[in-house]
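The exercises below go through one protein chain step by step. Try each task on the structure before reading its solution.

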Amino acid sequence: MADFEMIAKTFQGLESVLAQELRELGAGNVQMGHRMVSFTGDQEMLYRANFCLRTAIRILKPIKHFRATTADEVYDAVKAIDWSDYLSLDTSFAVDSVVFSTEFRHSKFVAYKVKDAIVDQFREQTGERPNIHITNPDIQLHIHIAEYDCTLSLDSSGESLHRRGYRQESVEAPLNEVLAAGIILMTGWRGECDFIDPMCGSGTLPIEAALIARGIYPGIYRKEYAFEKWRDFDRELFDSIYEDDSHERPFDHHIYGYDINRGAVAIATNNVKAAGLSREITIEQRDIADFVQPEQRAILVTNPPYGERISTPDLLGLYKTIGERLKHQFVGNDAWVLSYREECFDKIGLKPSLRVPLFNGSLECELRKYQMFTGKFNEMRADGHDIKTAQERRLMADHKRFKQHREFRERLDDSPELRLRDRHEERRNAFSRRDAGDGEYRQRFTERSDQPPRRPSSRNPFAPHDDSDRHPRRSDRFEERRTSRRDDDRSRRPFRDESRSYGHPRQNRHDQGRPGRKNYGQDYGNDED
């Protein structure tokens, strides 16, 4: 079968990790872009990309690339495709859209134009139209517009690939599975030593670490993919990929997850059982202040609270405790900390050997590596040791540097009453400067008042607006909100009942009509033992 183009979407900052995964998988013509990696391969590669990749959000198969400057041009280009090759009157479809353009301002309107073109083609040819299903359609389409460059694709994944299938419950603001796997792959850890997360929350980092250490692909837990509804779906080929366990390997060390919250410990334990990884992972309730030197060599990877969605009574004190524990109770090991606020990193009090910017949702965070050694830094370098590996130097060269002087919305050491008082004081001072005739203030006020009043915006959503430069990423923020609402709704769905057996996921899929490999419980541990 001939090779074709594919696109793997990911988080900003994980493009290089995803590209390396694709090369190891055997993909061709791997090229990194912004929050995506393009590659080529055949139908088997499409299936493997969905099943095996740990840092991909979804896999797209482009149908057509074209340029459009108006809504009518989008409509005409989509209608020119022979949709009978992909759809029939008995199949349903939906259109998702992502738009980064000063001309195309509304992503939903773009999706509507694509839908109208497809429906009109069927009406002209058959007198009937296919059905539109927003949730769980037979065919999911995706259109991406960057200025005037348009790409219309088939979504082969369906539900986002970060939804592995093992998570039964979650704590508030859980770490995304794709981001967790990307962080672990960035560290270079592949199971050579123990793994520790002292603030594990719902257990995402320990579970993803166990999957990496055992060589278990994340798709093993998935119930279905969108490509299974395509006309050319090869069930025998996909079953052979699903049943292949030649890549799985033993893990001779152990993974530890700790959390001070009793509810989080219960949730993490339940998720570990659902993943069938109780032999590899131990979850316990423990305060970071009680962390002690591990008996064997270990790596520590953690995602502490940022003070945004989750906080603690003494957030800065927590980071001070992290630094103190690492300095005195983690000597000879490496620690990786993901956080958001510069002032939190400052409280750790240690000099990082590596700093990698990453986006956790809409927050521009940073992953920092702390190499804990005895003695002084100069003495360590004099002995011939290097604090950075060649891979880590390339990683830093590929990423932009972290913002050194970020303007925080709120200072953590201020009380809400003081912040409210300061805001009122700033407002009173602004009015005082205006009334007193402050030259700079009066100039800004005059410049604004001299501008003609804004006219109502055109009803054509593709028409440019005068304030387009003020909101260059409005469509991106809308997409994030839409995705967030969809993910929140799905996170409330109960996990499938067959997982309660805590056996191998292949056995679970056997109940759904997919052949399962025998004796997995003996290899990976049946949690009911």
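The chain contains 17 helices and 15 strands, and the model is a predicted one.

**Exercise 1. The chain as a whole**

Task: Find what share of the residues is buried and how much surface the chain exposes.

Solution.
Step 1. The chain has 529 residues, and 50% of them count as buried.
Step 2. The exposed surface is about 26900 Å², of which carbon and sulfur atoms supply 46%.
Step 3. Now take the contacts with a separation of 6 or more: residues 24 or more positions apart account for 77% of them.

**Exercise 2. The partners of β1**

Task: Determine which strands pair with β1, and in which sense.

Solution.
Step 1. Strand β1 covers residues 4-9, and β3 covers residues 36-41; six bridges join them in the antiparallel sense.
Step 2. One position to look up is E5, whose bridge partner in β3 is T40.
Step 3. β1 also runs antiparallel to β4 (residues 58-67), with three bridges between them.
Step 4. Here A8 can be checked: I59 is its bridge partner in β4.
Step 5. A side-chain detail can be added: the charged end of K61 sits over the ring of F4, at 4.3 Å from the centre of that ring.

**Exercise 3. The order of a seven-strand sheet**

Task: Write down the strand order of the open sheet of seven strands and name its edges.

Solution.
Step 1. Read across the sheet, the order is β11-β10-β9-β12-β13-β15-β14, and the pairing is mixed.
Step 2. The edge strands are β11 (281-285) and β14 (354-360), since each of them pairs on one side only.
Step 3. On average, neighbouring strands of this sheet are turned by 20° against each other, direction ignored.
Step 4. Helix α5 (residues 177-187) packs on the sheet and touches β9, β12, β13 (334-339), β14 and β15 (363-371). The direction of α5 makes about 170° with that of β14.
Step 5. For a parallel pair, take β9 (residues 194-197) and β12 (residues 298-302), which are joined by three bridges. In this pair, I196 has L300 in β12 as its bridge partner.

**Exercise 4. The surroundings of β15**

Task: Describe how β15 pairs with β13 and β14, and decide whether β15 is largely enclosed or open.

Solution.
Step 1. β13 and β15 are antiparallel, with six bridges; W336 has K369 in β15 as its bridge partner.
Step 2. β14 and β15 are antiparallel as well, with seven bridges; V356 stands opposite L367 in β15.
Step 3. The connection between β14 and β15 is a hairpin with two residues between the strands, and G361 in the turn has a positive phi of about 70°.
Step 4. Eight of the nine residues of β15 are buried, so β15 is largely enclosed by the rest of the structure.
Step 5. R368 lies over the face of F345, 3.9 Å from the ring centre.

**Exercise 5. One residue of β13**

Task: For L338, state whether the residue is buried or exposed, and list its contacts beyond four places in sequence.

Solution.
Step 1. L338 is located in strand β13.
Step 2. The cut-off for buried is under 20% relative accessible area. L338 has 1% relative accessibility and therefore counts as buried.
Step 3. With neighbours within four places in sequence left aside, the contacts of L338 are L175, L179, I183, T302, N303, P304, Y306, L358, N360, C365, E366 and L367.
Step 4. The C-alpha atoms of L338 and V301 are separated by 8.1 Å, although the two residues are 37 residues apart along the chain.

**Exercise 6. An aromatic pair**

Task: Classify the pair F51 and F238, and say why the pair ties together parts that are apart in sequence.

Solution.
Step 1. The whole structure holds 17 aromatic pairs.
Step 2. In the pair of F51 and F238, the distance is 6.2 Å centre to centre and the angle between the planes is 85°. Planes over 60 degrees apart count as edge-to-face, and this pair is edge-to-face.
Step 3. F51 lies in helix α2 (residues 43-52) and F238 in helix α7 (residues 235-243), so the pair links parts that are 187 residues apart in sequence.
Step 4. F51 is buried at a relative accessible area of 1%, and F238 counts as buried at 0% relative accessibility.
Step 5. Both rings belong to one aromatic cluster, formed by Y47, F51, Y217, Y225, F227, F233, F238 and Y242.

Key:
Residues numbered from 1 in each chain as written. Predicted model: local features only at pLDDT ≥ 70, side-chain atom pairs only at ≥ 80, totals over all residues. Heavy atoms only, no water. Pairing = 2+ DSSP bridges. Helix = DSSP H or I, 4+ residues; strand = E, 2+ residues; numbered from the N terminus. Axes fitted to C-alpha atoms, helices over the stretch in contact; angles between N-to-C directions. Contact = heavy atoms within 4.5 Å. Buried < 20%, exposed > 50% of the residue type's maximum accessible area, 1.4 Å probe, protein only. Areas by Shrake-Rupley, 256 points an atom, 1.4 Å probe, with all protein chains shown as cover. Phe/Tyr/Trp six-rings, centres within 6.5 Å; stacked < 30°, edge-to-face > 60°. Lys NZ or Arg CZ within 6 Å of the ring centre and 35° of its normal.
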